[in-house]
Amino acid sequence: FLGYGGIDRKDPRFYAAEVLNQILGGDTLSSRLGTEIRDRLGLTYGIYSMFQAGLAPGPFLITMQTAPEDTERAIASTRSLLQQLRERGVTDTEVANAKRSLTSSYPVELADPDNLSGAILMNAVYGLDIQEIRQYPEKIDAVTPAQVNQAVQQLLHPDRLVIVTAGPPVTTKSGQ
């Protein structure tokens, strides 16, 4: 696990963070983390990111599974990718693809009664408008590349990562 404190569900950056996360590591097969750390470098079996936004600010997390001998390189490569994202930002195409992925999978997820009732319950717990379940796709569609790039600058901090590993001891260049 790599992470640090993130945002709460009512944070005005939530929808931009959702799109950012989809680009970064929302899907191990099509995200930047999956494409770079898993596919190109072959350092993980799977890698994901998430903003666990709740009533209070939850963590921003990156999770990965890697062989012990690849741990240090996988962590360093992940930090490097986050730094590169801060320096270069996201593209219009990445934002469009991420929004399409989020909005097209949303009704499929809600087709499951357990997921639907869970979404309704959590929206009530978070104090969101009762229409949130219908408005979510529209709010995702309204996110602009500029908002995502602003979220990158405000929410991604590779220098703040707390790293937790299971397995042989790991030391990184920063001594964490």
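Helices and strands here are DSSP runs, numbered from the N terminus. With that settled, Tyr-48 is found in strand S2. Keep in mind that this is a predicted model.

## Starting from Tyr-48

Is Tyr-48 buried, exposed or partly exposed? Its relative accessibility is 35%, so Tyr-48 counts as partly exposed. Along the chain Tyr-48 and Thr-63 are 15 residues apart, yet their C-alpha atoms are separated by 5.4 Å. Thr-63 also turns up in the list of residues that Tyr-48 contacts, once neighbours within four places in sequence are left aside. The rest of that list is Gly-25, Gly-26, Thr-28, Leu-61 and Ile-62.

## Helix H2 and what surrounds it

Helix H2 covers residues 32-40, and Arg-32, Leu-33, Gly-34 and Ile-37 are buried in it. What do these buried residues pack against? The partners are H1, strand S2 (46-51), strand S3 (59-65), helix H3 (71-88) and helix H4 (92-110). Just after H2 comes Gly-42, which takes a positive phi of about 65 degrees.

Arg-38 has its place in H2 too. At 28% relative accessibility, though, Arg-38 counts as partly exposed. Not counting residues up to four places away in sequence, Arg-38 touches Thr-28, Leu-29, Leu-33, Leu-43, Thr-44, Tyr-45 and Gly-46. Glu-18 is 20 residues from Arg-38 in sequence, and the two sit 21 Å apart in space, C-alpha to C-alpha.

## How H1 meets H6

On to a pair of helices. Two packed helices are described by the angle between their axes and the distance between the axes. For helix H1 (residues 14-24) and helix H6 (residues 132-141), the angle is about 65 degrees and the axes are 10 Å apart. The crossing of H1 and H6 is right-handed.

Which residues make the contact? On the H1 side they are Phe-14, Tyr-15, Glu-18 and Val-19, while H6 brings Glu-132, Tyr-136, Lys-139 and Ile-140. Sorted by type, the residues of this contact are five nonpolar, no polar and three charged.

The aromatic residues deserve a stop of their own. Searching the whole structure turns up five aromatic pairs. One of them is formed by Phe-14 and Tyr-15, an edge-to-face pair at 5.1 Å centre to centre with 85 degrees between the planes. Phe-14 and Tyr-15 are both buried. Ring pairs also tie Phe-14, Tyr-15, Tyr-106 and Tyr-136 into a cluster.

## The nonpolar core

In soluble globular proteins, nonpolar side chains tend to be buried together. In this model the largest nonpolar core has 44 residues, and Val-19, Leu-20, Leu-24, Val-148 and Leu-156 have the most contacts inside it. Which element gives this core its largest share? That is H1, with eight residues.

Leu-24 shows what such a place looks like. Leaving out residues up to four places away in sequence, Leu-24 touches Ser-31, Arg-32, Leu-33, Ser-49, Phe-60, Leu-81, Leu-82, Leu-85 and Leu-156.

## Three more residues to look up

Pro-158 is found in the loop between helix H7 (145-155) and strand S4 (162-163). Is Pro-158 buried or exposed? It counts as buried because its relative accessibility is 5%, and buried means under 20%. Apart from neighbours within four places in sequence, Pro-158 is in contact with Arg-79, Leu-82, Gln-83 and Arg-86. Its C-alpha atom and that of Tyr-4 are separated by 9.4 Å, although the two residues are 154 residues apart along the chain.

Asn-123 lies in helix H5 (residues 113-125). Asn-123 is buried as well, with a relative accessible area of 14%. Residues up to four places away in sequence aside, Asn-123 touches Leu-128, Glu-132 and Ile-133. Glu-132 is also part of the contact between H1 and H6.

Glu-72 is found in helix H3. It counts as partly exposed, at 41% relative accessibility. Glu-72 and Ala-98 are 26 residues apart in sequence and 29 Å apart in space, C-alpha to C-alpha.

Here are the C-alpha separations from the text, side by side.

| Residue pair | Apart in sequence | C-alpha to C-alpha |
|---|---|---|
| Tyr-48 and Thr-63 | 15 residues | 5.4 Å |
| Pro-158 and Tyr-4 | 154 residues | 9.4 Å |
| Arg-38 and Glu-18 | 20 residues | 21 Å |
| Glu-72 and Ala-98 | 26 residues | 29 Å |

Key
Residues are numbered from 1 along each chain as its sequence is written. This is a predicted model: local features need pLDDT of at least 70, side-chain atom pairs count only at pLDDT 80 or more; totals for chains, interfaces and linings use all residues. Side-chain values use heavy atoms; hydrogens and water are left out. Axes are lines fitted to C-alpha atoms, for helices over the stretch in contact, and angles run from 0 to 180 degrees between N-to-C directions. Helices (H or I, at least four residues) and strands (E, at least two) are DSSP runs, numbered from the N terminus. A crossing is left-handed if the near helix is turned anticlockwise from the far one by less than a right angle, and right-handed if clockwise. Contact means heavy atoms within 4.5 Å. Ala, Val, Leu, Ile, Met, Phe, Trp, Tyr, Cys and Pro count as nonpolar, Asp, Glu, Lys and Arg as charged, and the others, Gly among them, as polar. A nonpolar core is a set of buried Ala, Val, Leu, Ile, Met, Phe, Trp, Tyr and Cys residues joined through side-chain atoms within 4.5 Å. Buried means under 20% relative accessible area, exposed over 50%, partly exposed in between (1.4 Å probe, protein chains only). Rings of Phe, Tyr and Trp (its six-membered ring) pair if their centres lie within 6.5 Å; planes under 30 degrees apart count as stacked, over 60 as edge-to-face and the rest as tilted.
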